[in-house]
Structure formats: structure tokens, C-alpha cells
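Please open the model in your viewer and keep the sequence panel beside it. The tour below moves from one selection to the next and says what is to be found at each stop.

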Amino acid sequence: LPCALNMETVEMNSVSLKRPRSEDDVANADEIKRQKILEKSQAGNDSGQSIETVTEQPEDTKNEIIPNEESEEQEEEELEDSDEDGDPESFADMMKHGLTESDVGITKFVSSHKGFSGILKERYSDFVVHEIGKDGRVSHLDDFSVPVDDEDPSEETFTVLSDEDKQRLEELQLFKNKETSVAIEVIEDTKEKRTVIHQAVKSLFPGLETKTEDRDGKKYIIAYHAAGKKALANPRKHSWPKSRGSYCHFVLYKENKDTMDAINVLSKFLRVKPNIFSYMGTKDKRAITVQEIAVLRITAQRLAHLNKCLMNFKLGNFSYKNHPLKLGELQGNHFTVVLRNITGTDDQIEQAMHSLREIGFINYYGMQRFGTTAVPTYQIGRAILQNNWNEVMDLILKPRPGAEKGYLVKCREEWAKTKDPAAALKKLPVKRCVEGQLLRGLLKFGMKNIISAFGIIPRNNRLMYIHSYQSYVWNNMVSKRIEEYGLRAVPGDLILKGATAVHIEEGDVDNYTIHDVVMPLPGFDVIYPKHKIGEAYKEMLVADNLDINNMRHKIRDYSLSGAYRKIIIRPQNVNWEVVAYDDPKIPLFTTDLDKLEGKPLPVLPTDGKFRALKMEFSLPPSTYATMAIREVLKMDTSIKNQTQLNTTWLR
């Protein structure tokens, strides 16, 4: 699956943060649920999904609008989404095999207040993310107007071609049939009409050229390929005015979709390849998110037209610039979060939020970094670093307990039985998942060349595994560091001077606080603390059959240089209020889209049945909002823990 998996990813799991029931209650319910699941799985109705990609929870995808054009890719997407609305009970049961926070080293808190319950993301609209650009400006969608440009084609361009014409032109553009050209008859022949058709073909189907021909006394516009297969990837240069910046930048407002999914849908509608889009960071799926996107040589007019046919996105704030966007160039993200049905007293909430503002939270890598099944991503990363390729293959393909789609279960069973990649692939209608890619690689390169077979998986996905292992080590070491030395800087800790890490010396220790301290992700280009924790790193890697002094891999891609990460993050712009409400479905704040559409603020009762905590805060890139919320509630944010206790977020 096309996933931009990187350190700047803003991701959140959907979780209900509730106090546990008794163990007996859970055990009895488990037995009933296990029976339910058995019956369901025999009926082939598995919920859950392949976990070798970024973790996403079952979602309602009924609002998605997809193009009329059917394709293998689209069928795969439908299959991927098809059983995501599983029974919450069965999902909770299957998640018993998932990870908890302690499995990945998340064990400490920095605040002293007493924890309380609350429901996070009961509705995806309870979680809003606004990107903060490199200039410190927060992205907002507040303008649908299109920059005026004499070069833009007329509005008629978008309606002059019939659906049948568009289908034939797309098949020609994508080399889907053997035709070398498509002829479009000009009804009501005038020069103006012919010009509009020429413009429509060239602007809507980059890579195609047109000419006019007379056939049997009728005029036809003939569309044909400009310059072979390369033309599709490189939209026609000469049709773009020199005075206009090559990139159209716009603000993308999206609901309940992750960034790559959104770009894939936009590229289908525009009939271009997704790689002409660029962005600064990927945003979470189960949320409302607002971020900047840049696209090469697509006009604002064409983009604005998509607002008429896309349900869960809106595009606006268009401008032309001479540069794309680069991953990681953002300053961070501003979060607006509602925790519903909270149980904390006003004092507890005040204490918790003051602590978040003044002290902050431990900068752990969140649960979504590690996958959700019985095979965590860090285990695969560890096997790659150990150069144990049979283990890598086995971990990705072997049968596993827990949340899996029916076809994946069958594929794994076939693999365990036959070790035949062709036979296992036949059980897999969706070939773009990691399992399908690895099996295709094994079919192509043979079972003796697992390294090349694994190399077929997109680079970002492969690197995700080893980054997950680094994150696993980092989380464990930070917990040890806080347990050993508490919340103060001590001699032997590391701090950054510019980009260089240096140890704190005995005489300097009073010049630094815990907020200055960094710890390394293991690699060949970092130094380690000069106290007990430095030794603990070595011991942890030795236990995993790895040498901390030799983190170079014979395959360059898998060599880890390491990096430094602050151990405590203090969020900026922290604000909060407690509101009362009666209806769990009523939104508790207005979004950018609500404001553009003139929707009024929700009217809330003064003494409603429920209380909600509305909070806002800004975080730098590569930090996890779930970990800030964990510190406020003092709750385990893992899906395993939450789905067993309460599954309301699946509504």
C-alpha cells in the first residue's frame, strides 16, 4: 500500500479511555465473544486488517466518492475496505493478541495527578489537526476563490466531453487498450466548439495531443499520444504559462481519510500520477485534518472543480509558487481534541492540564508505530538488522492470531501448508499489501533470494520496520532513564549544541533541565549517555544479537545512522475548557468548513448529562498526540487495552 511512513507522521488511534471492568467480567465476556468470532470466521466475515502497513482501525467508508472508472486498483481498495465495519465485540476479542503500552516500553508518567476516564475520538470530528508551516503559520481552509488567470480554459472545458468520451480517452491515456487514437465527433460544428474540445482533452488528459480531421463530411477531433509512455508522468510543459509558478499550492481539508488515500483519489479524478503531489507531513485518518499540498502543473481552476464531486475533502486557498513541498519542512501540528464523558473532578482536570502545560509529557513513540497484531513491526525490524531473512519472511507471512481479514488468513494458511508463493498469492485478491508484494518477490526471485524479494516492497514500508525497532529501543531506554534519575538533568546525560550531542559534565549540571535532555535512537553515528543507561543500550542490543558498535548493515538501506530525540516535550499554546452536553452526536466546536458554510456554534446546555474536556495544543513534528493525552488521563492508549474495556469508538 502506498504509505508515507516517516518521522513526521501525525497519527492517532481511535480509543475509548475507560476504567477497567473486573477480570471476571472480562473473562466471561471473552468466552462469549470467542464463540461469536469462531462462528463469524467460519462464515468468512473477518474484521480487522493487514497490519504490515500503518495501523488503521475499522472505519465506515460509506461517504467515499470514487470515480466511475473501474480498475483493478479500485477493486483492491474496495476489498481492503470491505470488511472494516466488523462487530465491535469481535474486534475487541481479536485485539487480545495485540500490543499493550508496556510491550513497547511505554511505562512511565511525569505528572502526579490522579488519572480519570474519557472517550477519545468517539466521533472522528472530535479530533482536528491543523498543520503548522515552516514559517509558523497555521493552515486554515478559509477561501474557495480561484486566482484569476487569463490562461485558464473556459468552464465549458469540464462539461463538453461525455462520460463515454472521458472513459475512452482515459483508456488511451493509460495505454489500457491497443488503440493509438480516439476520435470524437464534433456535434454543432463551430470553431469555438472545436477549440473547447481541444482544450478539454489536453487539460484533462495530460500526455494527449489533438488534431482536427474531416471524415465523410463530418468533423472529428482526434486524440493521440504526444510522446510515448513518458508523457503521462510529465504533464505537457509547453501548455503552462511561463509567468505562472509551476506548482499550485492549496489547503486540503479532509475528513476520515489519510493523506495518501486522499492524494490517490485526487490523482484518479485528475487522471495524473500521485507522485506529482507533494506535502510536508502525512496526517491521520480518523480525524479532520487541514494541511498544505502542492501539485505540479495542475491549475487551481481544475482543483476547485473537484469540490463539486468530492464528499470528504475540500480544496481551497490556492496560489501558484515555483517550488514543491518537502517532507519534514513543517514546524508541527496544532491539535483540537475533545475527550467526551470525562469522569475527572474540576481539580483533577486543572492539575492534569497545568502539568501538561508546565512539565509536558514523555516523548514516547505512540502505539501506532508498532502495528496492532501478534507480530509487532519492531520484531520484523530486528530480524532485518540481524540479517535473518528467513525470519523476516516467516514473521510477515506465517499465520498469526488476532485481527486479520479473511483472505489474509487463507493466504497465510496456504503459505504455512505449501511454502508455495504462487499458491499463496492465489488466495490473495489484494496484491498491494505487504504480504502480496513479498510473495510476488519470492515468485520472481526464488526462495533462495529473500533479500531481493523483500526489496520489491516500497522503500518507505521496508524502512518502517527498522525505524520501529529503533523506536522500541528508545521507548524502553527512556523509561529506564526516568526510573533511574527522575525528572532532572544528571551528569552523563546528552544535550544538543546545534546539531551535535555533548555530555553534561558534573560542573555544568545546574545549567540544564530535563527539557534539554536528548537520548539517541541507536545507530552508527550517535553517542550514548555516560551513565547506567549507556550500558543499558548495549545490553538491550546484545540480548537481541546486535552489536551497538556496528550498526552498519551490508545492505546500505538498512544501515542505521541514528538520531537524537528530546525525552520530554512541553506542548505550546495549551488551552482547555470543560463543557456540558446531552447529545453524544452534537459537535462541540466549529471546523473551518462549518465557518465557510456559515454554520452557527453549537448551543450547549449549562448542566448537561455529560461533561467533555476540550483541549488545544501544538506539538513539533515526530511527536504523538496520543502520548500527550495519555499523560492527561493516565490511561493505556493501546487498542488492545481500550477495545476490551469499551468499544464505543467503533460506532
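Begin by selecting Thr336, which is buried with a relative accessible area of 16%, where buried stands for under 20% relative accessible area, exposed for over 50%, and partly exposed for what lies in between (1.4 Å probe, protein chains only). Before going further, please note that this is a predicted model, in which local features need pLDDT of at least 70 and side-chain atom pairs count only at pLDDT 80 or more, while totals for chains, interfaces and linings use all residues. Residues are numbered from 1 along each chain as its sequence is written, and side-chain values use heavy atoms, with hydrogens and water left out.

Thr336 belongs to strand S11 (residues 332-340); here and below, helices (H or I, at least four residues) and strands (E, at least two) are DSSP runs, numbered from the N terminus. If you display what surrounds Thr336 and set aside its neighbours within four places in sequence, the residues in contact with Thr336 are Asp126, Phe127, Val128, Phe589, Met615 and Glu616, contact being defined as heavy atoms within 4.5 Å.

**Helix H9**

Next select residues 346-358, which make up helix H9: its 13 residues reach 18 Å from the first C-alpha to the last, close to the 18 Å expected at 1.5 Å a residue, a span reckoned as 1.5 Å times one less than the number of residues. Colour Gln348, Ile349, Ala352, Met353, Ser355 and Leu356, the residues of H9 that are buried. They lie on the same side of H9 because they cover an arc of only 155° around the axis, the arc being that of the directions from the helix axis to the C-beta atoms. An α-helix has 3.6 residues a turn, so residues three or four places apart point the same way. Asp346 and Asp347, on the other side of H9, are exposed. To see what the buried residues of H9 pack against, add strand S12 (361-362), strand S18 (572-581), strand S19 (610-619) and helix H19 (625-633). After H9 comes Gly360, with a positive phi near 105°.

**Helix H4**

Which residues of helix H4 (residues 163-173) are buried? Select Asp165, Lys166, Leu169, Glu170, Leu172 and Gln173 to display them. Looking down the axis of H4, you will find these buried residues within an arc of 160°, so they line one face of the helix. Exposed Asp163 and Glu164 are carried on the face of H4 turned away from its buried side. Phe175, which follows H4, has a positive phi near 55°.

**Strands S13, S14 and S15**

Move now to strand S13 (residues 494-497) and strand S14 (residues 500-503), which pair in the antiparallel sense over four bridges; two strands pair if DSSP finds at least two bridges between them. Leu496 stands opposite Ala501 in S14, and in the hairpin of these strands, with two residues between them, Gly498 takes a positive phi near 65°. S13 is also joined by two bridges to strand S15 (residues 517-521), again in the antiparallel sense, and here Leu494 stands opposite Val518.

**Aromatic rings and charges**

The structure holds 14 aromatic pairs, counted where rings of Phe, Tyr and Trp (its six-membered ring) have centres within 6.5 Å, with planes under 30 degrees apart called stacked, over 60 edge-to-face and the rest tilted. One of them is the tilted pair of Phe250 and Phe318, at 6.4 Å centre to centre and 40° between the planes. Phe250 lies in strand S7 (residues 247-255) and Phe318 in strand S10 (residues 313-321), so the pair ties together parts that are 68 residues apart in sequence. Phe250 counts as buried at 1% relative accessibility, and Phe318 does so at 8%.

For a cluster linked by ring pairs, select Phe370, Tyr378, Tyr469 and Tyr472. Then centre on Phe524, where the charged end of Arg552 sits over the ring, 3.7 Å from its centre, and on Tyr320, where Arg244 lies over the face at 5.0 Å from the ring centre. A charge sits over a ring if NZ of Lys or CZ of Arg is within 6 Å of the ring centre and within 35 degrees of the ring normal.

**Two asparagines**

Finish with Asn256, which has a positive phi of about 60° although it is not a glycine, and which is found in the loop between S7 and helix H7 (259-270). Is Asn256 buried or exposed? Asn256 counts as buried, at 11% relative accessibility. Asn545, in the loop between H17 and S16, has a positive phi near 55° and is exposed, with a relative accessible area of 65%.
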